[in-house]
Amino acid sequence: MKTAYFLLLPVLFAAAPALAQEGDFNGLYVGGSIGFTAQPNDRRSSVLFDTNRDGVFGDTVRTAAGANAFSTGFCGGAATGAAAADGCRSDKDDAEYFGHVGADTQFGKLVVGVVGEFGKSEARDSVTAFSTTPASYTLERRFRYNAAVRGRVGFTPNNSTLFYATGGGTYAKVRNRFFTTNTANAFSTNGNSDVWGYQAGGGVEQRVMRNFSVGLQYLFTTYEDNEFRVTAARGNAAATNPFILVNAGGTDFARSDQTFRTHSIRITGSLRF
C-alpha cells in the first residue's frame, strides 16, 4: 500500500500543469501525510548501570567472585532468547501518519510560513543487555504520539511548484517497556517519557488544482530521551545476587543512547483556503 502511494506521486506531478489553475501559495491550509520512518544504525547501543544508585551511570555489575556479570555484551535490538547467542531482532522501521495545519505568505517568488502537525510514527527502538546467567534485559521505546511546529521558507518559479526547507521544534510521548528472562529479581520502571527535540528537512509541493496540492517531504528528527529507568531489586534472588551486592536497594539501568533519531519520507496533501 505504501509503495502504491509513492508510485502515484510522479503521476500527479506530471499532470499538475494541466490541472492547476491560476493561484499562489498565500493563505491557510489543512491536510495530512503518510510516510515511512527509518532509524539510523545503532549497533553500538548498550545498557548502562548504576550499582550504587548515586545517579551516575557507567558502573560494572560484578558477581560475588568479582567477574563482569554482563561480559557477554549488548545488542541494538530486542532479544530473541536468554543468551547472546540467540541473537536480536532489528529495530522496527514502520509507517507514520500525520495531520497538519499551516499558513504561508508569498512575496513574489519567495514563500514563508509556519506549519503545525500531530500524528504518530509506528517505529520501535530497542536495546538489550545479556548477563552470564544467562538472561536478557531489553529496553524498548515507541511513540504514543508526535507533534511539531516548524517554520518553512521556499521558492516558487511558477506559482504552482514550491521548493522549500523546513525546521522547528518537536514533542513526543514515548511509551517505554522492559522485558527480561530473569525470573529471580524484581523489576520496576518509571514509566513513559515526555521528550522534546527538533526537526529539519525539505520538500517539494505541487498545486494540482487551484486549492489542492500534493508533495514529497523529507525530515530528520532527533529527540532527547534520557528519562527511562529500570530498577533491578532483590526479589527472590540470593543475597549474593550481583544487582544487590553494592546497594541493597538494587541496580538501576539506563540506555547509553539518550537521543532517539529518525528519518522520514512522506507524501503530503493539502487543501488551501
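The link between cysteine 75 and cysteine 88 is left-handed, with -70 degrees about the S-S bond. The structure described here is a predicted model, and a search of the whole of it finds one disulfide. The sulfur atoms of cysteine 75 and cysteine 88 lie 1.8 Å apart. The two cysteines are 13 residues apart in the chain, cysteine 75 in strand E3 (residues 74–75) and cysteine 88 in strand E5 (residues 88–89). Cysteine 75 has a relative accessible area of 14% and is therefore buried, the limit for that class being under 20%. Cysteine 88, at 29% relative accessibility, counts as partly exposed.

## Nonpolar cores

The interior may be considered next. The largest nonpolar core comprises 16 residues, and Phe70 and Phe253 are those with the most contacts inside it. Two or more residues of this core come from each of strand E2 (47–50), strand E8 (124–131), strand E9 (135–155) and strand E14 (230–233). Strand E9 gives the most, with three residues.

The surroundings of phenylalanine 70 can be listed in detail. Neighbours within four places in sequence being set aside, phenylalanine 70 is in contact with Phe49, Val61, Ala129, Phe130, Ser131, Tyr137 and Phe243. There is also a second, separate core of six residues, with Phe143, Ala172, Val195 and Tyr223 among them.

## Salt bridges

Side chains of opposite charge can pair when their charged atoms come close. In this model the count comes to 19 salt bridges. Three of these pairs are set out below.

| Pair | Closest N to O distance |
|---|---|
| Lysine 120 and glutamate 122 | 3.8 Å |
| Arginine 124 and glutamate 140 | 3.5 Å |
| Aspartate 225 and arginine 141 | 2.9 Å |

In the pair of lysine 120 and glutamate 122, lysine 120 is partly exposed at 24% relative accessibility. Glutamate 122 is likewise partly exposed, with a relative accessible area of 28%.

Arginine 124 and glutamate 140 also meet through their side chains. Arginine 124 belongs to strand E8 and glutamate 140 to strand E9, so the salt bridge ties together parts of the chain that are 16 residues apart in sequence. Arginine 124 is partly exposed, at 24% relative accessibility, whereas glutamate 140 is buried, with a relative accessible area of 6%.

The salt bridge between aspartate 225 and arginine 141 links distant parts of the chain, 84 residues apart. Aspartate 225 is in the loop between strand E13 (212–224) and strand E14, while arginine 141 is in strand E9. Aspartate 225 is buried, with a relative accessible area of 4%, and arginine 141 is buried at 1% relative accessibility. Both residues also belong to a network: salt bridges that share partners join Asp125, Arg141, Asp225, Arg255 and Asp257.

## A nonpolar surface patch

Nonpolar side chains are found at the surface as well. Leu28, Val30, Val101, Leu271 and Phe273 form a nonpolar patch there, with about 470 Å² of accessible area together.

Two members of the patch may be described individually. Valine 30 lies in strand E1 (residues 27–38) and is partly exposed, at 34% relative accessibility. Residues up to four places away in sequence not being counted, valine 30 touches His100, Val101, Gly269, Ser270, Leu271 and Phe273. Valine 30 and alanine 103 are 73 residues apart in sequence, and their C-alpha atoms are 8.8 Å apart in space. Leucine 271 is located in strand E16 (residues 259–272) and is partly exposed, with a relative accessible area of 40%.

## Valine 153 in strand E9

Strand E9, which contributes to the largest core, also holds valine 153. Valine 153 counts as partly exposed, at 40% relative accessibility. Apart from neighbours within four places in sequence, valine 153 is in contact with Leu110, Val111, Val112, Phe163, Tyr164 and Ala165. Glycine 202 is 49 residues away from valine 153 in sequence, and the C-alpha atoms of the two residues are 9.3 Å apart.

Conventions:
Residues are numbered from 1 along each chain as its sequence is written. This is a predicted model: local features need pLDDT of at least 70, side-chain atom pairs count only at pLDDT 80 or more; totals for chains, interfaces and linings use all residues. Side-chain values use heavy atoms; hydrogens and water are left out. A nonpolar core is a set of buried Ala, Val, Leu, Ile, Met, Phe, Trp, Tyr and Cys residues joined through side-chain atoms within 4.5 Å. Buried means under 20% relative accessible area, exposed over 50%, partly exposed in between (1.4 Å probe, protein chains only). Helices (H or I, at least four residues) and strands (E, at least two) are DSSP runs, numbered from the N terminus. Contact means heavy atoms within 4.5 Å. A salt bridge is a side-chain nitrogen of Lys or Arg within 4 Å of a carboxyl oxygen of Asp or Glu. Patches are made of residues with over 30% relative accessible area and no salt bridge: like charges are joined within 9 Å, nonpolar side chains (Val, Leu, Ile, Met, Phe, Trp, Tyr) within 5 Å. Accessible areas come from the Shrake-Rupley method with a 1.4 Å probe; for residues, only the protein chains shown count as cover. A disulfide is a pair of cysteine sulfur atoms within 2.5 Å.
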